[in-house]
Amino acid sequence: MLRFEATKVILRHAGDRPIVANLGPTTDDLWHAGHRDRNFYTYGSMGLCSSIALGMALSTQEQVISLDGDGSLLMNMGAIATIGREQPKNLIVVVWDNEEWGQTGHQPSHTAKGTDLAEVAQSCGIRQTSTVSDLEELEAVFQNALQTEGPWFIVAKIQEAEYLPVAPIEPELTLFRMRDSFSA
Ligand SMILES: Cc1ncc(C[n+]2csc(CCOP(=O)(O)OP(=O)(O)O)c2C)c(N)n1
Ligand SMILES: [Mg+2]
């Protein structure tokens with residue numbers, strides 16, 4: 001499964017819900033798949049995607065979607081523990097697991113050596129977990145996640161593809177657009 005195609009599946013079902021995207025190719029793919037005011041792109045902020053999404057989820061009744069990366073979550077595994085502790089019913093974390101720190105040179109991550117992030121999530125008290133490896137499975141699990149109480153933690157196994165051009169994001173405008181969308 002390619003992240004760009006998988007991102008389009010998420011957008012097809014996300015409606016107007018806020019989406020927080022991991023830095024690098026995840027942000028670029030989201031931009032190219034469908035830029036919208038409710039995309040929050042986290043350039044540079046490695047490891048903080050799901051923490052930012054957790055903060056949003058705790059501050060709104062809306063469902064919030066985090067598109068995280070294996071390497072980034074591994075760097076801040078405390079984020080998983082905190083989601084398990086807080087139990088936000090409206091948070092859906094999707095981890096694009098390419099088993100590598102892709103953007104910095106494709107170094108194999110721990111998930112290439114046996115670490116199972118869905119099991120980590122389970123052990124942190126996140127009961128709704130799933131691991132998917134094709135678009136059909138992703139679509140089915142994501143639709144289920146939208147209709148049931150979370151927190152949800154979906155590990156989506158993806159293959160690397162050639163990177164799309166870097167998205168022309170201005171962090172200040174991203175923040176402005178996202179905040180403005182909540183006050184409407
Ligand atoms: C604190 C910090 N350390 C290192 C980096 C450099 N860096 C940027 S992206 C990245 C890899 C992220 O891996 P992953 O989350 O798996 O995303 P992928 O590139 O595989 O899509 C690294 C190490 C950074 N931006 N911030
Ligand atoms: Mg990765």
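Here is a walk through the structure, stop by stop, with something to select at each one. Keep in mind that this is a predicted model.

**Stop 1: the magnesium site**

Start by selecting the magnesium ion (ligand 2) together with D70, N98 and E100. These residues supply its protein donors, through OD of D70, OD1 of N98 and O of E100, lying 2.1 Å from the ion. Written as a sequence pattern, the donor residues are spaced D-x27-N-x1-E. Now colour by secondary structure and look at where D70 and N98 come from: D70 belongs to helix α4 (residues 70-75), while N98 sits in the loop between β4 (91-97) and β5 (100-101). The pair links distant parts of the chain, 28 residues apart.

Are D70 and N98 buried or exposed? Turn on a surface to check. D70 is buried, with a relative accessible area of 2%. N98 also counts as buried, at 11% relative accessibility. The cut-off for buried is under 20%.

**Stop 2: backbone oddities**

Stay in the loop between β4 and β5 and pick E99. Its phi is near 60°, a positive value in a residue other than glycine. Most residues other than glycine have a negative phi, and most peptide bonds are trans. E99 is partly exposed, with a relative accessible area of 30%.

Next, hop to H106, in the loop between β5 and β6 (107-108). Here phi is near 65°, again a positive value in a residue other than glycine. H106 is partly exposed, with a relative accessible area of 42%.

For the peptide bond itself, select G150 and P151. A cis peptide bond joins the two, with omega at about 5°. You will find P151 in the loop between α7 (135-147) and β8 (152-157).

**Stop 3: helix α1 and its two partners**

Show helix α1 (residues 3-14) and helix α2 (residues 25-34) as cartoons. Their axes come within 9 Å and cross at roughly 55°. What does that make the pair? α1 and α2 are oblique to each other, and their crossing is right-handed. Put sticks on the contact: on the α1 side you need R3, F4, T7, K8 and L11, and on the α2 side P25, T26, D29, L30, H32, A33 and G34. Coloured by class, this contact has five nonpolar, four polar and three charged residues.

Keep α1 on screen and swap α2 for α7. The axes of α1 and α7 come within 10 Å and cross at roughly 30°, which makes α1 roughly parallel to α7. The cut-off for roughly parallel is under 35 degrees. α1 passes α7 in a right-handed crossing. The sticks to show are E5, A6, V9, I10, R12, H13 and A14 of α1, with L135, L138, E139, F142, Q143 and L146 of α7. By class, the contact of α1 with α7 divides into eight nonpolar, two polar and three charged residues.

**Stop 4: helices α3 and α5**

Which way do α3 and α5 run relative to each other? Select helix α3 (residues 49-59) and helix α5 (residues 78-86), which pack at an angle of about 20° with their axes 9 Å apart. That makes α3 roughly parallel to α5. Look down the pair and you should see α3 pass α5 in a left-handed crossing. From α3, S50, S51, L54 and L58 make the contact, and from α5, A79, T82, I83 and E86 do. Their classes come out as four nonpolar, three polar and one charged.

**Stop 5: R17 and T104**

Select R17, in the loop between α1 and β1 (19-21). At 23% relative accessibility, R17 counts as partly exposed. What is R17 in contact with, leaving aside its neighbours within four places in sequence? Expand the selection and you should pick up R36, R38, Q63, I65 and L146. L146 may ring a bell, as one of the α7 residues in the contact with α1. You can also put a distance label between the C-alpha atoms of R17 and V94, which are 77 residues apart along the chain and separated by 14 Å.

Finish at T104, in the loop between β5 and β6. T104 is exposed, with a relative accessible area of 60%. Label one last distance, from its C-alpha atom to that of G24: the two residues are 80 apart along the chain, and the atoms are separated by 9.4 Å.

Note on methods:
Residues numbered from 1 in each chain as written. Chains lettered and ligands numbered in written order. Predicted model: local features only at pLDDT ≥ 70, side-chain atom pairs only at ≥ 80, totals over all residues. Heavy atoms only, no water. Axes fitted to C-alpha atoms, helices over the stretch in contact; angles between N-to-C directions. Helix = DSSP H or I, 4+ residues; strand = E, 2+ residues; numbered from the N terminus. Parallel < 35°, antiparallel > 145°, perpendicular 65-115°, else oblique. Left-handed = near helix turned anticlockwise from the far one by under 90°. Contact = heavy atoms within 4.5 Å. Nonpolar A, V, L, I, M, F, W, Y, C, P; charged D, E, K, R; others polar. Donors = N, O, S within 2.8 Å, 3.2 Å for Na, K, Ca; no water. Buried < 20%, exposed > 50% of the residue type's maximum accessible area, 1.4 Å probe, protein only.
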